[in-house]
Amino acid sequence: MKVGFVYDPIYLKHDTGQHVENAGRLKAIISHLEQTQLIRQLTPIKPRAASVEELSLVHHNSHIQEVAQKGSGWLDPDTVMSADSYQAALYAAGGIIEASEAVMQGEVGSAFALVRPPGHHATATRAMGFCLFNNVAIAAKYALTKYNLERIAIIDFDVHHGNGTQGSFYDNPQVLYTSTHEFPFYPGTGSLDETGKGEAKGTTVNIPLPAGCGDTEYLEVFGEIMVPVVRRFRPQLILVSAGYDTHWADGLAMMQVSVTGFAQMVKIIKGLADELCSGRLVFTLEGGYNLTALAASVKATFDVLLGNTNIEDPLGLSPRGLAAPNITPLIKKIKEIHNLL
Ligand SMILES: [Zn+2]
């Protein structure tokens, strides 16, 4: 099956200056895909601006208006806008919508929206954590409505908890949100006892991990927790908040995942999509701030989606030498909370 990708130069026009979340991230990804010629194996998907109505599926009008009218400047202590940021943000949300459309229509088997600004911290009412609008949440709501779906799973492996995404579906049993993230850490949410409310109790599955976890720990929690909860939920579409700040070389966090580890995680996710929803799988870019690690990890993700077996890992395993934490008791506790024993 074809693998699609969304990209547009508009995403470079979200000019954040010296900020870690800058246009250089996407430039590094695209140039690596071009240099390795992997881009020739991919099917381009043209993004469009999301409409205000589509943003309203997740965001209050007051927030949309604030971003639309702000022009440039800081929206919160971490989140800055330039004159073209609103347009870029509309295209970021519209990019993952179009990627989802292409997958749902069967034009491609899976797709990856290479967009910025990222989205998973943006809440209904505010921008935060480099995010203006919650791209993945908007796409999930869009797909539920447009295709009359009953169940979508969102898998978030960014090193930070996707507080905005969790909040968007905390009382919505149609969307399973499962996140692996460093904890305690920014933004502070994502503890194991945040599990959803009302009818949606159990459809938020947090896997808060101590600093220092690497490939072994991530693959263990994927196998022990993420895979069985997604399988039990039987999603009709899987969306992935792909954040590569979980890599050992990333300066923002303290995890030790390698490019090879990301490839193995993506392989597991692809296996779930193939098993549960005819392969329907859409990735969207969240974090990842070491440009070499980011570009290599995104390429590895595409390689796995394409079925290529030769995964290049230019950075290798973590040399940080942090002792791997014992997460066995944590896994047991989460399995108890979610009836996975
Ligand atoms: Zn992050």
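This passage walks through the strands, a pair of helices and the largest pocket of the structure shown above. The model is a predicted one, and residue numbers count from 1 along the chain as its sequence is written.

A good place to begin is the sheet. Eight strands form an open sheet with parallel pairing, and reading across it gives the order E2-E1-E5-E10-E9-E6-E7-E8. Its two edges are strand E2, at residues 43-45, and strand E8, at residues 204-209, each of which pairs on one side only. From one strand to the next, the twist averages 15°. Within this sheet, E5 is listed between E1 and E10. Strand E5 covers residues 110-113 and strand E10 covers residues 281-285; the two run parallel and are joined by four bridges. Here a phenylalanine faces a phenylalanine, with Phe 112 standing opposite Phe 283 of E10. As a general point, side chains in a regular strand alternate between the two faces of the sheet.

Another pairing involves strand E3, residues 73-76, and strand E4, residues 79-81, which are antiparallel and share three bridges. A hairpin of two residues leads from E3 to E4. One of the pairings here can be followed by eye: Gly 73 has Met 81 in E4 as its bridge partner.

Turning to the helices, H8 and H9 offer a clear example of packing. Their axes come within 9 Å of each other and cross at roughly 35°, and the crossing is right-handed. On the H8 side, the contact is made by Val 259, Phe 262, Ala 263, Val 266, Lys 267 and Lys 270. These residues meet a set in H9 made up of Ala 293, Ala 296, Ser 297, Ala 300, Thr 301, Val 304 and Leu 305. Sorted by class, the residues of this contact comprise nine nonpolar, two polar and two charged.

The same two helices appear again at the largest pocket, where H8 (259-276) and H9 (291-306), along with helix H4 (85-104), are the elements that give two or more residues to the lining. This pocket holds about 220 Å³ of space. Its lining consists of 18 residues, and those nearest the centre are Met 1, Gly 109, Ser 110, Ser 278 and Gly 279. One of these, Ser 110, also falls within the range of strand E5, residues 110-113. In terms of class, eight lining residues are nonpolar, seven are polar and three are charged.

Conventions
This is a predicted model: local features need pLDDT of at least 70, side-chain atom pairs count only at pLDDT 80 or more; totals for chains, interfaces and linings use all residues. Side-chain values use heavy atoms; hydrogens and water are left out. On a 1 Å grid over the protein atoms alone, a cavity is a set of points where a 1.4 Å probe fits but cannot get out, and a pocket is an open set with protein on both sides within 12 Å along at least five of seven lines; lining residues have an atom within 4 Å of a point. Grid points are joined across faces, edges and corners, and a volume is the space filled by probe spheres set on the points. Ala, Val, Leu, Ile, Met, Phe, Trp, Tyr, Cys and Pro count as nonpolar, Asp, Glu, Lys and Arg as charged, and the others, Gly among them, as polar. Axes are lines fitted to C-alpha atoms, for helices over the stretch in contact, and angles run from 0 to 180 degrees between N-to-C directions. A crossing is left-handed if the near helix is turned anticlockwise from the far one by less than a right angle, and right-handed if clockwise. Contact means heavy atoms within 4.5 Å. Two strands pair if DSSP finds at least two bridges between them.
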